[in-house]
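Me: I should like to go through this structure and ask on what grounds each descriptive term is applied. Please set each value against its definition.

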Amino acid sequence: MAETKIPSGRQFGNGPRVLLAIHCTLAHAGAWQSVARELPQDFTVMAYDLPHHGQNNLLDATTDIQDASVSLALPFMTSPVDLVGHSFGATVALRLALEHPEKVRSLCLIEPVFFAVAKEDDPIGYAQHVETEAPCHAAMLDGDRERAARLFHKEWGDGRQWETLSHQVRRYMIDRIHVVLKQKTSIVDDHARLLAAGRCEELDIPTLLLEGEQSPDIVRTINSGLLKRLPNAQRSVVKGAAHMAPLTHPGIVAGIMVDFLEMTEK
(Lines give C-alpha, C1' and ligand atoms only; values in the text may rest on other atoms or scores of the structure.)
Protein backbone atom coordinates (compact mmCIF):
# COMPACT_ATOMS: atom_id res chain seq x y z
CA MET A 1 0.00 0.00 0.00
CA ALA A 2 1.21 3.48 -0.82
CA GLU A 3 1.79 5.68 2.22
CA THR A 4 0.76 9.33 2.41
CA LYS A 5 1.44 11.74 5.24
CA ILE A 6 -1.60 13.72 6.28
CA PRO A 7 -1.66 16.62 8.78
CA SER A 8 -2.96 14.45 11.61
CA GLY A 9 -1.16 11.18 10.83
CA ARG A 10 -0.78 8.71 7.94
CA GLN A 11 -2.88 7.21 5.17
CA PHE A 12 -2.05 3.81 3.68
CA GLY A 13 -3.62 2.79 0.39
CA ASN A 14 -6.58 4.25 -1.44
CA GLY A 15 -9.23 1.55 -1.53
CA PRO A 16 -12.98 2.01 -1.06
CA ARG A 17 -13.18 0.40 2.39
CA VAL A 18 -11.90 2.64 5.21
CA LEU A 19 -10.22 1.18 8.26
CA LEU A 20 -9.44 3.65 11.05
CA ALA A 21 -6.47 2.54 13.16
CA ILE A 22 -5.56 3.93 16.59
CA HIS A 23 -2.04 3.28 17.85
CA CYS A 24 -0.71 2.39 21.30
CA THR A 25 0.99 4.59 23.88
CA LEU A 26 4.51 5.76 22.97
CA ALA A 27 4.00 4.93 19.28
CA HIS A 28 2.58 7.03 16.41
CA ALA A 29 0.37 6.64 13.35
CA GLY A 30 3.22 5.10 11.36
CA ALA A 31 3.16 2.07 13.64
CA TRP A 32 0.35 0.68 11.43
CA GLN A 33 2.51 0.63 8.31
CA SER A 34 3.43 -3.07 8.47
CA VAL A 35 -0.13 -4.25 9.13
CA ALA A 36 -1.49 -1.98 6.38
CA ARG A 37 0.91 -3.47 3.83
CA GLU A 38 -0.51 -6.93 4.54
CA LEU A 39 -4.12 -5.92 3.89
CA PRO A 40 -5.94 -6.25 0.55
CA GLN A 41 -5.81 -3.35 -1.89
CA ASP A 42 -9.48 -2.52 -1.38
CA PHE A 43 -8.64 -0.98 2.01
CA THR A 44 -7.66 2.54 2.91
CA VAL A 45 -6.06 2.61 6.35
CA MET A 46 -6.33 5.94 8.11
CA ALA A 47 -4.18 6.33 11.22
CA TYR A 48 -3.95 9.45 13.36
CA ASP A 49 -1.48 10.53 16.03
CA LEU A 50 -2.76 10.48 19.59
CA PRO A 51 -2.20 13.58 21.73
CA HIS A 52 1.53 14.23 22.34
CA HIS A 53 2.51 11.47 19.90
CA GLY A 54 3.98 11.67 16.41
CA GLN A 55 3.24 15.07 14.89
CA ASN A 56 0.53 15.89 17.44
CA ASN A 57 2.06 18.08 20.11
CA LEU A 58 -1.23 18.99 21.74
CA LEU A 59 -1.71 17.84 25.31
CA ASP A 60 -3.92 20.19 27.30
CA ALA A 61 -3.22 19.62 30.98
CA THR A 62 -6.91 20.15 31.77
CA THR A 63 -8.27 17.74 29.12
CA ASP A 64 -8.52 14.00 29.65
CA ILE A 65 -6.30 12.23 27.13
CA GLN A 66 -8.95 9.68 26.15
CA ASP A 67 -11.51 12.46 25.67
CA ALA A 68 -9.07 14.22 23.35
CA SER A 69 -8.27 10.99 21.50
CA VAL A 70 -11.96 10.35 20.83
CA SER A 71 -12.43 13.89 19.50
CA LEU A 72 -9.49 13.46 17.13
CA ALA A 73 -11.03 10.31 15.64
CA LEU A 74 -14.46 11.70 14.80
CA PRO A 75 -13.46 13.70 11.67
CA PHE A 76 -12.34 10.40 10.09
CA MET A 77 -15.74 8.81 10.74
CA THR A 78 -18.00 10.67 8.34
CA SER A 79 -19.25 7.26 7.15
CA PRO A 80 -19.08 3.86 8.89
CA VAL A 81 -15.51 2.55 9.29
CA ASP A 82 -13.83 -0.64 10.34
CA LEU A 83 -12.26 0.43 13.61
CA VAL A 84 -9.11 -1.08 15.09
CA GLY A 85 -7.16 -0.02 18.16
CA HIS A 86 -4.08 -1.33 19.93
CA SER A 87 -3.47 -1.13 23.69
CA PHE A 88 -4.60 2.33 24.87
CA GLY A 89 -5.80 2.90 21.32
CA ALA A 90 -8.11 -0.08 21.77
CA THR A 91 -9.75 1.60 24.76
CA VAL A 92 -10.34 4.66 22.57
CA ALA A 93 -11.82 2.43 19.86
CA LEU A 94 -14.16 0.72 22.33
CA ARG A 95 -15.38 4.07 23.60
CA LEU A 96 -15.96 5.32 20.05
CA ALA A 97 -18.03 2.23 19.28
CA LEU A 98 -20.11 2.63 22.43
CA GLU A 99 -20.69 6.35 21.93
CA HIS A 100 -21.05 6.35 18.13
CA PRO A 101 -22.16 2.85 17.07
CA GLU A 102 -23.70 4.18 13.86
CA LYS A 103 -20.20 5.19 12.70
CA VAL A 104 -18.58 1.77 13.26
CA ARG A 105 -18.97 -1.17 10.85
CA SER A 106 -16.74 -3.55 12.81
CA LEU A 107 -14.48 -3.33 15.85
CA CYS A 108 -11.08 -4.93 16.46
CA LEU A 109 -9.50 -4.51 19.89
CA ILE A 110 -5.87 -5.61 20.05
CA GLU A 111 -4.53 -6.01 23.60
CA PRO A 112 -6.92 -3.46 25.16
CA VAL A 113 -5.42 -2.12 28.40
CA PHE A 114 -8.81 -1.41 29.92
CA PHE A 115 -7.68 -2.26 33.44
CA ALA A 116 -11.06 -1.30 34.90
CA VAL A 117 -12.37 -4.63 33.58
CA ALA A 118 -9.74 -6.59 35.51
CA LYS A 119 -10.26 -4.41 38.57
CA GLU A 120 -13.94 -5.34 38.55
CA ASP A 121 -13.66 -9.00 37.52
CA ASP A 122 -10.43 -10.12 39.22
CA PRO A 123 -9.40 -7.82 42.10
CA ILE A 124 -6.56 -10.14 43.17
CA GLY A 125 -5.10 -10.30 39.67
CA TYR A 126 -5.47 -6.54 39.32
CA ALA A 127 -3.66 -5.99 42.62
CA GLN A 128 -0.80 -8.15 41.35
CA HIS A 129 -0.67 -6.04 38.19
CA VAL A 130 -0.50 -2.84 40.26
CA GLU A 131 2.39 -4.31 42.23
CA THR A 132 4.20 -5.18 39.00
CA GLU A 133 3.72 -1.69 37.61
CA ALA A 134 4.60 0.10 40.86
CA PRO A 135 8.35 0.63 40.16
CA CYS A 136 7.58 2.20 36.78
CA HIS A 137 4.95 4.52 38.22
CA ALA A 138 7.22 5.43 41.14
CA ALA A 139 9.98 6.37 38.70
CA MET A 140 7.55 8.63 36.82
CA LEU A 141 6.44 10.33 40.02
CA ASP A 142 10.09 10.78 41.04
CA GLY A 143 10.88 12.39 37.70
CA ASP A 144 13.22 9.60 36.62
CA ARG A 145 11.82 9.46 33.12
CA GLU A 146 14.50 7.22 31.64
CA ARG A 147 14.06 4.54 34.30
CA ALA A 148 10.28 4.76 33.90
CA ALA A 149 10.52 4.35 30.12
CA ARG A 150 12.94 1.46 30.49
CA LEU A 151 10.60 -0.37 32.90
CA PHE A 152 7.54 0.35 30.76
CA HIS A 153 9.28 -1.01 27.68
CA LYS A 154 10.33 -4.15 29.56
CA GLU A 155 6.71 -4.96 30.43
CA TRP A 156 4.89 -3.67 27.34
CA GLY A 157 7.53 -3.40 24.61
CA ASP A 158 8.38 -5.44 21.54
CA GLY A 159 10.81 -7.83 23.23
CA ARG A 160 14.00 -5.97 22.36
CA GLN A 161 16.39 -4.99 25.12
CA TRP A 162 16.31 -1.28 26.01
CA GLU A 163 20.01 -0.91 25.19
CA THR A 164 19.47 -2.20 21.64
CA LEU A 165 16.93 0.50 20.79
CA SER A 166 18.20 3.48 18.83
CA HIS A 167 18.85 6.71 20.70
CA GLN A 168 16.00 8.32 18.76
CA VAL A 169 13.49 5.66 19.83
CA ARG A 170 14.60 5.79 23.46
CA ARG A 171 14.40 9.59 23.48
CA TYR A 172 10.91 9.51 21.96
CA MET A 173 9.69 7.17 24.71
CA ILE A 174 11.39 9.11 27.52
CA ASP A 175 9.85 12.38 26.32
CA ARG A 176 6.33 10.90 26.41
CA ILE A 177 6.39 8.48 29.34
CA HIS A 178 4.39 10.87 31.53
CA VAL A 179 1.36 10.24 29.29
CA VAL A 180 0.96 6.82 30.95
CA LEU A 181 -0.13 8.38 34.24
CA LYS A 182 -2.59 10.67 32.45
CA GLN A 183 -4.47 7.62 31.14
CA LYS A 184 -5.49 6.36 34.59
CA THR A 185 -8.79 8.26 34.72
CA SER A 186 -10.02 6.43 31.63
CA ILE A 187 -8.43 2.96 31.69
CA VAL A 188 -8.51 2.35 35.47
CA ASP A 189 -11.18 4.68 36.86
CA ASP A 190 -13.44 4.37 33.78
CA HIS A 191 -14.52 8.00 33.95
CA ALA A 192 -16.56 7.58 30.73
CA ARG A 193 -18.53 4.77 32.44
CA LEU A 194 -18.04 2.27 29.65
CA LEU A 195 -18.65 -0.53 32.17
CA ALA A 196 -21.93 0.91 33.43
CA ALA A 197 -24.58 -1.80 33.76
CA GLY A 198 -25.81 -2.97 30.38
CA ARG A 199 -23.75 -0.57 28.29
CA CYS A 200 -21.30 -3.02 26.70
CA GLU A 201 -24.02 -5.67 26.63
CA GLU A 202 -26.05 -3.51 24.22
CA LEU A 203 -23.25 -3.13 21.66
CA ASP A 204 -24.10 -5.43 18.75
CA ILE A 205 -21.21 -4.47 16.46
CA PRO A 206 -19.10 -7.46 15.29
CA THR A 207 -16.03 -7.35 17.54
CA LEU A 208 -12.70 -9.13 17.47
CA LEU A 209 -10.65 -9.35 20.68
CA LEU A 210 -7.03 -10.07 19.84
CA GLU A 211 -4.13 -10.83 22.18
CA GLY A 212 -0.57 -12.11 22.05
CA GLU A 213 0.15 -15.59 23.33
CA GLN A 214 2.97 -14.26 25.54
CA SER A 215 1.27 -11.09 26.75
CA PRO A 216 0.91 -10.16 30.44
CA ASP A 217 -1.78 -12.18 32.23
CA ILE A 218 -3.90 -9.10 32.83
CA VAL A 219 -4.53 -8.77 29.08
CA ARG A 220 -6.18 -12.20 29.06
CA THR A 221 -8.29 -11.18 32.05
CA ILE A 222 -9.42 -8.02 30.25
CA ASN A 223 -10.28 -9.85 27.03
CA SER A 224 -12.15 -12.53 28.99
CA GLY A 225 -14.17 -9.80 30.70
CA LEU A 226 -14.95 -8.02 27.45
CA LEU A 227 -15.87 -11.29 25.75
CA LYS A 228 -18.57 -11.99 28.32
CA ARG A 229 -19.92 -8.44 28.08
CA LEU A 230 -19.94 -7.81 24.33
CA PRO A 231 -22.71 -9.90 22.72
CA ASN A 232 -21.21 -10.07 19.22
CA ALA A 233 -17.55 -10.65 20.11
CA GLN A 234 -15.04 -13.36 19.33
CA ARG A 235 -11.49 -13.85 20.51
CA SER A 236 -8.24 -14.86 18.86
CA VAL A 237 -4.62 -15.36 19.94
CA VAL A 238 -1.49 -14.42 17.98
CA LYS A 239 0.87 -17.35 18.48
CA GLY A 240 4.37 -16.43 19.64
CA ALA A 241 3.50 -12.74 20.06
CA ALA A 242 3.43 -10.50 23.10
CA HIS A 243 1.87 -7.07 23.57
CA MET A 244 3.30 -5.47 20.42
CA ALA A 245 1.85 -8.00 17.96
CA PRO A 246 0.96 -5.39 15.28
CA LEU A 247 4.67 -4.55 15.02
CA THR A 248 6.25 -7.94 15.65
CA HIS A 249 3.71 -10.15 13.83
CA PRO A 250 1.97 -7.84 11.32
CA GLY A 251 1.24 -10.56 8.76
CA ILE A 252 -0.52 -12.79 11.27
CA VAL A 253 -2.44 -9.86 12.78
CA ALA A 254 -3.55 -8.68 9.33
CA GLY A 255 -4.57 -12.21 8.34
CA ILE A 256 -6.72 -12.66 11.44
CA MET A 257 -8.31 -9.26 10.85
CA VAL A 258 -9.10 -10.01 7.21
CA ASP A 259 -10.67 -13.37 8.10
CA PHE A 260 -12.78 -11.62 10.74
CA LEU A 261 -13.86 -8.85 8.38
CA GLU A 262 -14.77 -11.33 5.65
CA MET A 263 -16.86 -13.27 8.14
CA THR A 264 -18.76 -10.12 9.16
CA GLU A 265 -19.76 -9.60 5.53
CA LYS A 266 -21.37 -13.04 5.23
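Reply: Helices are DSSP runs of H or I with at least four residues, and strands are runs of E with at least two. By that rule the protein chain of this predicted model has 12 helices and eight strands.

Me: How do you know that the radius of gyration of the protein chain agrees with that of a compact globule?

Reply: The globule rule is 2.2 Å times the number of residues to the power 0.38. For 266 residues this gives a value near 18 Å, and the protein chain has 17 Å, so the two agree. The C-alpha trace spans about 50 × 40 × 40 Å along its principal axes.

Me: What share of the residues in the protein chain is called buried?

Reply: A residue is buried when its relative accessible area is under 20%. Buried residues make up 54% of the 266 in the protein chain. The accessible surface of the chain comes to about 11900 Å², and carbon and sulfur atoms hold 51% of that surface.

Me: What makes the largest pocket a pocket, and what volume does it have?

Reply: A pocket is an open set of grid points with protein on both sides within 12 Å along at least five of seven lines. The largest pocket meets this definition, with a volume of about 880 Å³. Its lining counts 38 residues, and the closest to its centre are T25, L26, A27, F152 and M173. Among the elements that give two or more residues to this lining are α5 (123–142) and α6 (145–156).

Me: Which element gives the largest share of the lining of the largest pocket?

Reply: The largest share, seven residues, comes from α7. The buried residues of α7 are Y172, M173, I174 and R176, and their cover includes α6 and α8.

Me: How many residues of the lining of the largest pocket are nonpolar?

Reply: The lining divides into 21 nonpolar, 10 polar and seven charged residues.

Me: Why is the largest cavity called a cavity?

Reply: The term is used because a 1.4 Å probe fits at its points but cannot get out. The structure holds three cavities of 30 Å³ or more, and the largest has a volume of about 60 Å³. Residues that line the largest cavity include L19, D82, C108 and F260. The elements that give two or more residues to its lining are β5 (81–86), β6 (104–110) and α12 (250–265).

Me: What kinds of residue make up the lining of the largest cavity?

Reply: The lining of the largest cavity divides into eight nonpolar residues, one polar and one charged.

How values were computed. Residues numbered from 1 in each chain as written. Predicted model: local features only at pLDDT ≥ 70, side-chain atom pairs only at ≥ 80, totals over all residues. Heavy atoms only, no water. 1 Å grid on protein atoms, 1.4 Å probe; cavity = no way out; pocket = protein on both sides within 12 Å on 5 of 7 lines; lining within 4 Å. Points joined across faces, edges and corners; volume = space filled by probe spheres on them. Nonpolar A, V, L, I, M, F, W, Y, C, P; charged D, E, K, R; others polar. Buried < 20%, exposed > 50% of the residue type's maximum accessible area, 1.4 Å probe, protein only. Areas by Shrake-Rupley, 256 points an atom, 1.4 Å probe, with all protein chains shown as cover. Contact = heavy atoms within 4.5 Å.
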